[in-house]
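Subject: Handover of a model, with notes

Dear colleague,

I am passing on the structure below, followed by an account of what was found in it. Please read the notes alongside the coordinates.

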Amino acid sequence: MRALISVSDKRGVVEFARGLREQGWEVIATGGTMKLLRDSGVEVLNISDVTGFPEICDGRVKTLHPKVHGGLLARRDDAEHVRALKENGIEFIDLVCVNLYPFRETIAKPDVKMEDAIENIDIGGPSMLRSAAKNWADVTVVCDPDDYAQILSEIRADGNTAKATRLRLSAKAYTHTAQYDAMIAAYMRAQAGLNEKLFLEFDLVQPLRYGENPHQSAKFYREGSAAPYSLAFARQLGGKELSYNNIQDANAALCIVREFDAPFCVGLKHMNPCGAAVGADGADAWTKAYEADKVSIFGGIVATNCTVTREMAELMKPVFLEIIMAPKFDDEALEVLRTKKNLRLLEVDMSRGEGGQTQYVSVNGGLLVQQLDTQTRSVAAGMCVTKCKPTAAQLADLDFGWRIVKHVKSNAIVVVRDGRTLGVGAGQMNRIGSAEIALKQARAAGFTEGLVLASDGFFPFDDCVTLAAEYGVEAIAQPGGSVRDEDSVRKADETGIAMCFVGERHFKH
């Protein structure tokens with residue numbers, strides 16, 4: 001039995017090759033792999049001794065040879081294949097162990113030059129993997145060091161790998177080469193200015209019990225590179241398995257938390273915030289967020305940008321919650337919260353990163369792609385368009401409300417006072433409907449003055465301003481941009497409301 005080994009990732013390869021030799025296998029190797037194995041005392045043949053041809057073109061050509069690919073592709077049960085190999089002095093190769101040049105790592109370097117990227121495009125490696133994978137009935141193909149142990153175990157037990165193992169490894173090899181080629185294609189298309197194709201690579205996190213409803217199947221996948229504020233890379237410290245709807249809601253909560261540097265907490269239901277607040281610390285932020293809507297938060301999801309302390313945990317424990325997310329949980333907090341066995345506790349990376357992420361939204365037969373909406377303008381005094389000017393406290397509330405309303409389903413209205421939400425109007429077919437919901441919530445909570453209001457889109461009429469004045473709103477933040485902006489400004493002046501045009505909208509469909 002013969003094996004050919006040529007790897008860039010040399011983890012465990014010495015032990016793997018030594019294990020094959022101990023089972024009587026002949027081992028062939030190339031370049032750096034051959035040197036490492038020989039230096040480690042493993043007896044190997046040089047690939048040039050097998051092909052009778054030297055490595056040329058700085059190693060670009062070494063395994064592209066009939067004595068390699070004939071030995072891999074020939075079917076053992078086909079007499080013509082066996083005769084052809086014998087006539088040409090070619091021996092079978094029964095195992096190929098290859099992983100590819102580090103193309104991903106090369107192009108990830110900020111100062112990478114195209115010629116460096118090109119030199120890290122592997123040619124012989126994918127060719128050997130594909131040949132071996134095609135002939136999986138007879139040949140074992142290995143591209144992942146994590147498979148070494150199982151392969152050696154089967155060879156020690158039976159002299160060769162099991163057929164089912166070879167089929168699994170074949171599929172894995174084709175996946176490996178497909179991902180590799182997709183990376184190269186994406187890079188080369190970017191260099192050429194082409195955008196006619198989109199290749200996506202996601203890895204399975206877990207199958208889910210069901211999807212949005214029990215009759216729908218679902219799975220959870222993640223991108224190859226870790227991202228901040230991502231549930232896909234969170235660490236679960238307690239509680240039962242996440243559901244499809246949990247993941248959707250948790251993602252929406254994390255997007256809101258991303259808006260704030262000050263201690264902040266948000267409660268969320270059905271992808272809309274039901275209570276949010278900034279505070280002096282995490283416990284204060286939680287208390288204010290909870291008191292903003294004690295009814296809706298029942299069975300909801302909580303996210304905070306603060307370490308969850310024992311004090312916070314004791315405050316949260318009496319409330320029925322599905323998930324708590326934070327950058328960290330103190331040991332004492334975990335001790336308190338883990339008494340609720342079903343409560344999911346998730347540690348999430350909340351470090352600030354440069355640039356935005358890409359957002360994918362599926363539609364029937366297609367995919368929408370956009371940059372994630374991570375940029376938010378701060379509401380400033382210079383944005384005021386009315387005679388009445390906002391106070392410093394009102395500006396702070398307007399900025400807070402603006403960052404919250406951005407994450408509420410359009411049409412969206414948020415009513416705020418003292419750094420917390422008092423009313424949230426979401427997803428109505430007209431803006432006055434959302435305003436009525438948010439303002440009535442604030443009044444029901446006993447707040448009838450000193451309120452500020454934020455709207456994700458402009459006011460097409462002055463009716464929202466009229467209604468806001470009736471409910472005690474003293475300042476408004478909205479994008480501006482309506483052909484009837486003057487009507488809203490005039491009504492604000494008549495009712496003594498300060499209004500700021502932020503100059504950006506945040507529709508969330």
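In sorting lining residues by character, Ala, Val, Leu, Ile, Met, Phe, Trp, Tyr, Cys and Pro count as nonpolar, Asp, Glu, Lys and Arg as charged, and the others, Gly among them, as polar. This is a predicted model, in which local features need pLDDT of at least 70 and side-chain atom pairs count only at pLDDT 80 or more, while totals for chains, interfaces and linings use all residues. Residues are numbered from 1 along each chain as its sequence is written, and side-chain values use heavy atoms, with hydrogens and water left out.

On the overall form, the protein chain holds 18 helices and 20 strands (DSSP runs numbered from the N terminus, helices being H or I of at least four residues and strands E of at least two). Its radius of gyration is 31 Å, well over the 23 Å that the globule rule gives for 509 residues, so the chain is more spread out than a compact globule; the radius is taken over C-alpha atoms, and the rule is 2.2 Å times the number of residues to the power 0.38. Along the principal axes, the C-alpha trace spans about 100 × 55 × 45 Å. Of the 509 residues, 48% count as buried (under 20% relative accessible area, with exposed meaning over 50% and partly exposed in between, for a 1.4 Å probe and protein chains only).

Turning to empty space, the second largest pocket has a volume of about 830 Å³. A pocket here is an open set of points on a 1 Å grid over the protein atoms alone, with protein on both sides within 12 Å along at least five of seven lines, whereas a cavity is a set where a 1.4 Å probe fits but cannot get out, and lining residues have an atom within 4 Å of a point. Grid points are joined across faces, edges and corners, and a volume is the space filled by probe spheres set on them. Of the 24 residues that line this pocket, F199, L200, E201, E223 and Y360 are the closest to its centre. Helix α10 gives the most to the lining, with 7 residues, and α6 (103-107), α10 (163-192) and β14 (358-363) each supply at least two. By character, the lining divides into 12 nonpolar, 7 polar and 5 charged residues.

The structure also holds 1 cavity of 30 Å³ or more, and about 30 Å³ of space lies in the largest cavity. Its lining consists of C274, A292, D293, T421, L422, G423, V424 and Q441, to which strand β17 (residues 420-425) gives the most, with 4 residues; 4 of the lining residues are nonpolar, 3 polar and 1 charged.

Two local sites may also be of interest. S378, in the loop between β15 (366-371) and α15 (392-405), counts as partly exposed at 43% relative accessibility. Leaving aside neighbours within four places in sequence, S378 is in contact (heavy atoms within 4.5 Å) with M383, D399 and R403, and a polar contact of 2.9 Å joins the side chains of S378 and R403. Such a contact is a pair of N or O atoms within 3.5 Å; within protein, one must be able to donate a hydrogen and the other to accept it, and residues adjacent in sequence count only if both atoms are side-chain atoms. At the start of helix α5 (residues 79-87), a side-chain oxygen of D78 reaches to within 2.9 Å of the backbone nitrogen of E80, and α5 is followed by G89, whose phi is positive, near 65 degrees.

With best regards
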